[in-house]
Amino acid sequence: MVHAIHDALRAAALDRAVLLANQVLSGEPVALQRLRPHAGRVVRVQAQGWPAHLPPLAPVEVRLTPAGLLERVGPGEVQVAEPDLHLGVDASNPALLAWRLATGERPSIQVQGDAALAADVDWVVAQVRWDLTADLERVLGPGPAQMLAALAGQLVRALREARQAWPGTPAAGAPPADPGPGRPGGPDRPGGVP
């Protein structure tokens, strides 16, 4: 019973995620133009290194449509043995993965498969951004939408600043800092052991 509820919730969440991705893509004609030639091709996204103590995450497969949009390959359909493109997302630390996604940082992804499809998918991921304000304006009107978008922007900035200020967390792209003498892991206390 629990597995059936989990599967139903997962399917509903994935369907909503695909709808959101399609809404974002439909606002970007260049992205659609880049994806149209790949119609019918399948992209598999799989969490790699997912902790064993958490419920398992099954891979997600999406097929590119002739319009350049996405459709989820459902459990009733025959899943392909080898997708045209495989994206392995490093999920060994789910909290860090969520943090990176929340702050707009791209997670570590391992790519295997068709080079042309990989290049176009990478371009779309790097260039296409969700216009949260425009979507909120359609639902709430311009005033409340701008206030919520500003609040969301402040939250993302605060998360980025907190991540940079967090002890032991190097800034994006920076090498780890030497903690110095007298600090855990410093030269006079290797590994932080007193």
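1. Let's start with Asp 84, which is partly exposed, at a relative accessible area of 27%. Keep in mind that this is a predicted model. Asp 84 pairs up with Arg 41 in a salt bridge, and the closest N and O atoms are 3.8 Å apart. Arg 41 sits in the loop between helix H2 (29-35) and strand E1 (42-48), while Asp 84 is in the loop between E3 and strand E4 (85-90), so the pair ties together parts that are 43 residues apart in sequence. Arg 41 counts as partly exposed too, with 25% relative accessibility.

2. There's a third partner here. Asp 114 joins Arg 41 and Asp 84 in a network of salt bridges. As background, side chains of opposite charge can pair when their charged atoms come close. How many salt bridges does the structure hold? The count is 6.

3. Next, have a look at Arg 44 and Glu 61, whose side chains meet in a salt bridge at 2.5 Å, N to O. Arg 44 belongs to strand E1 and Glu 61 to strand E2, so this pair links parts that are 17 residues apart in sequence. Are these two buried or exposed? Arg 44 is buried, with a relative accessible area of 13%. Glu 61 is buried as well, because its relative accessible area is 2% and the cut-off for buried is under 20%.

4. While you're at Glu 61, check Gly 74 as well. Along the chain, Glu 61 and Gly 74 are 13 residues apart, and their C-alpha atoms are separated by 8.0 Å.

5. One more salt bridge to note joins Arg 63 and Glu 71, with the closest N and O atoms 3.0 Å apart. Glu 71 is partly exposed, at 33% relative accessibility.

6. Glu 71 turns up again around Thr 65. Where is Thr 65 found? Thr 65 is in the loop between strand E2 (60-64) and strand E3 (70-72). Despite being in a loop, Thr 65 counts as buried, at 14% relative accessibility. Leaving aside residues up to four places away in sequence, Thr 65 touches Ala 39, Leu 70 and Glu 71.

7. For another loop residue, try Pro 56, which lies between E1 and E2. Pro 56 is exposed, with a relative accessible area of 66%. Even so, Pro 56 touches His 6 and Trp 50, again not counting residues up to four places away in sequence.

8. Now for a helix. H4 covers residues 115-127, which makes 13 residues. From first C-alpha to last, H4 reaches 18 Å, close to the 18 Å expected at 1.5 Å a residue. Which residues of H4 are buried? They are Leu 117, Ala 118, Asp 120, Val 121 and Val 124. Looking down the axis of H4, you'll see that its buried residues fall within an arc of 170 degrees, so they line one face of the helix.

9. On the outside, there's a nonpolar surface patch worth a glance. Leu 140, Leu 148 and Leu 151 make this patch, which is about 270 Å². Leu 148 is part of helix H6 (residues 142-165). With a relative accessible area of 40%, Leu 148 is partly exposed.

10. Stepping back to the whole protein chain, you'll find 6 helices and 5 strands. Their order along the sequence follows the pattern α-α-β-β-β-β-α-β-α-α-α. Of the contacts with a separation of 6 or more, 60% come from residues 24 or more positions apart.

11. Finally, the surface. The protein chain has 194 residues, and 24% of them count as buried. About 12700 Å² of the chain is exposed, and carbon and sulfur atoms supply 62% of that area.

Note on methods:
Residues are numbered from 1 along each chain as its sequence is written. This is a predicted model: local features need pLDDT of at least 70, side-chain atom pairs count only at pLDDT 80 or more; totals for chains, interfaces and linings use all residues. Side-chain values use heavy atoms; hydrogens and water are left out. Patches are made of residues with over 30% relative accessible area and no salt bridge: like charges are joined within 9 Å, nonpolar side chains (Val, Leu, Ile, Met, Phe, Trp, Tyr) within 5 Å. Accessible areas come from the Shrake-Rupley method with a 1.4 Å probe; for residues, only the protein chains shown count as cover. A salt bridge is a side-chain nitrogen of Lys or Arg within 4 Å of a carboxyl oxygen of Asp or Glu. Helices (H or I, at least four residues) and strands (E, at least two) are DSSP runs, numbered from the N terminus. Buried means under 20% relative accessible area, exposed over 50%, partly exposed in between (1.4 Å probe, protein chains only). Contact means heavy atoms within 4.5 Å. The expected span of a helix is 1.5 Å times one less than its number of residues. The arc is that of the directions from the helix axis to the C-beta atoms.
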